[in-house]
Number of protein chains: 2
Amino acid sequence: MGDGYHHGNLRQALIDAGLKLINESGEENLSLRKVALQCNVSHAAPYAHFKDKEELIEAIKESVTGSFMRELQEAIGKASNVDEEIVNMGKTYVTFFVKNPDYFKFLFGSQNIEAHLRCDNEYKDDYPPFVLLKEEYLKYLDAHNMRRSDDEKELDIIKLWSSVHGLASIACMTGVKTSLDWNDKILSDLRIT
Amino acid sequence: MGDGYHHGNLRQALIDAGLKLINESGEENLSLRKVALQCNVSHAAPYAHFKDKEELIEAIKESVTGSFMRELQEAIGKASNVDEEIVNMGKTYVTFFVKNPDYFKFLFGSQNIEAHLRCDNEYKDDYPPFVLLKEEYLKYLDAHNMRRSDDEKELDIIKLWSSVHGLASIACMTGVKTSLDWNDKILSDLRIT
DNA sequence: TTTGTCATCTTGACAGTGTAAAGATAGCTG
DNA sequence: CAGCTATCTTTACACTGTCAAGATGACAAA
């Protein structure tokens with residue numbers, strides 16, 4: 001490693017640089033060449049680590065999703081019962097994106113969202129935040145001794161997800177920050193009926 | 001008009017061509033030059049009608065929003081009471097985008113959504129579909145003799161909007177079509193409590 | 001040590017992009 | 001008719017993603 005011909009850990013550096021660029025001026029301002037430049041590396045160097053611009057973007061998305069997951073977990077950890085866990089998680093889901101709408105646009109905005117969620121005809125069962133939501137939901141059912149058919153479960157989860165995701169989406173696309181307390185009110189009401 | 005030097009109605013032709021390209025291969029495949037080519041016109045001709053690529057995209061979005069509005073109105077027209085109107089509208093909101101997810105990604109996906117919703121620090125009060133939703137909501141309150149404070153109204157509307165929008169968003173981003181009946185179940189339950 | 005292999009990085013090239021500037025065209029107004 | 005002006009063409013430029021050919025150096029085998 002070092003500052004000679006070989007960078008040392010270019011792959012991660014490219015991801016970080018890309019993330020920085022997105023934070024500064026959104027995805028539309030992200031170019032492979034700028035990312036490379038920021039790493040003091042030639043414009044074609046990224047191709048040793050990513051076959052595509054898309055593949056770099058994918059890696060950056062995974063990085064963002066990682067931060068997202070960490071915040072969700074942390075919020076859950078602070079709760080003292082399952083009901084609170086779900087509410088905390090919902091609030092954090094929205095808050096995370098309200099804090100920087102660019103992330104929402106980046107993750108769910110641009111082109112091939114399917115690629116990132118890697119959905120195989122079902123709303124992605126291994127998209128980490130979704131898995132987490134699912135676990136919390138099942139925990140909730142268990143804690144309340146509720147029995148549900150598989151169909152009812154799917155329905156509940158979609159309902160739960162779409163309410164927080166819709167809130168985040170609207171908050172991010174309208175840029176309205178004043179409604180944060182409304183979100184709170186709505187999310188405090190999150191429960192499975 | 002005519003096929004000589006001047007096109008006749010290039011502006012609309014460009015919008016139509018752009019719409020077609022998006023339908024065929026998504027927004028990421030849309031370029032000013034392709035649009036111009038499809039209209040048998042030089043690559044710089046669009047600049048007589050749009051100052052920007054962004055301005056053309058904006059015009060296309062307005063066109064899509066127009067179609068969207070027409071379907072919403074039609075759905076409302078088929079209802080026989082206010083409750084049904086709201087449910088129909090909600091279902092159509094989701095169905096319209098499920099029918100062609102590219103439109104959802106185009107409208108709410110790419111970069112400057114704010115520009116399209118032209119929000120001035122409030123969730124767009126002159127974004128047509130939102131205005132329609134608001135009207136329907138007020139009609140609903142009136143029909144049921146319900147009184148609400150302004151804050152409660154805002155809260156209800158956000159709730160209403162985010163539930164249908166979140167559903168549409170998830171449907172479009174996951175590409176899950178099988179859940180259309182779930183959407184129906186959820187949306188049949190749309191009511192202000 | 002020497003040799004060879006291989007991932008990594010550079011250089012150079014290419015087609016496609018958005019956009020600006022300067023000029024051509026033709027329809028409209030006087 | 002003359003002139004104006006919106007519309008369209010041509011030319012040019014910087015920037016993009018991507019590819020191919022080569023340079024570099026780390027590391028393993030000899």
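**Exercise 1.** Determine how many helices and strands chain A has in this predicted model, and in what order its elements run.

*Solution.* Begin with the count, which for chain A of the predicted model comes to nine helices and zero strands. Then follow the elements of chain A from the N terminus on, where they run α-α-α-α-α-α-α-α-α.

**Exercise 2.** Describe chain A by its buried residues, its contacts and its exposed area.

*Solution.* Chain A has 193 residues, and 49% of them count as buried, where buried means under 20% relative accessible area. Turning to the contacts in chain A with a separation of 6 or more, residues 24 or more positions apart account for 65% of them. Finally, chain A exposes about 9,500 Å², of which carbon and sulfur atoms supply 48%.

**Exercise 3.** Work out which residues surround DNA strand D, and which element gives the largest share of the surface near the strand.

*Solution.* First, DNA strand D is surrounded by 24 residues, the closest being R33(A), H7(B), S42(B), H43(B) and H49(B). Of the atoms of DNA strand D that come within 4 Å of the protein, sugar and phosphate account for 60%. Next, sort the residues of this surface by kind, which gives 11 nonpolar, eight polar and five charged. The largest share, three residues, comes from helix α2 of chain A, residues 32-38.

**Exercise 4.** Find what lies 3.2 Å, 2.9 Å and 2.6 Å from phosphate oxygens of DNA strand D.

*Solution.* At 3.2 Å from a phosphate oxygen lies a polar side-chain atom of S31(A), while at 2.9 Å the partner is a polar backbone atom of K53(A). For 2.6 Å, the partner of a phosphate oxygen is an N or O atom in the side chain of H49(B), a residue also listed among the closest to DNA strand D.

Terms used
Residues are numbered from 1 along each chain as its sequence is written. Chains are lettered from A and ligands numbered from 1 in the order in which they are written. This is a predicted model: local features need pLDDT of at least 70, side-chain atom pairs count only at pLDDT 80 or more; totals for chains, interfaces and linings use all residues. Side-chain values use heavy atoms; hydrogens and water are left out. Helices (H or I, at least four residues) and strands (E, at least two) are DSSP runs, numbered from the N terminus. Buried means under 20% relative accessible area, exposed over 50%, partly exposed in between (1.4 Å probe, protein chains only). Contact means heavy atoms within 4.5 Å. Accessible areas come from the Shrake-Rupley method with a 1.4 Å probe; for residues, only the protein chains shown count as cover. A residue is near a molecule or strand if one of its heavy atoms lies within 4 Å of it. A polar contact is a pair of N or O atoms within 3.5 Å; within protein, one must be able to donate a hydrogen and the other to accept it, and residues adjacent in sequence count only if both atoms are side-chain atoms. Ala, Val, Leu, Ile, Met, Phe, Trp, Tyr, Cys and Pro count as nonpolar, Asp, Glu, Lys and Arg as charged, and the others, Gly among them, as polar.
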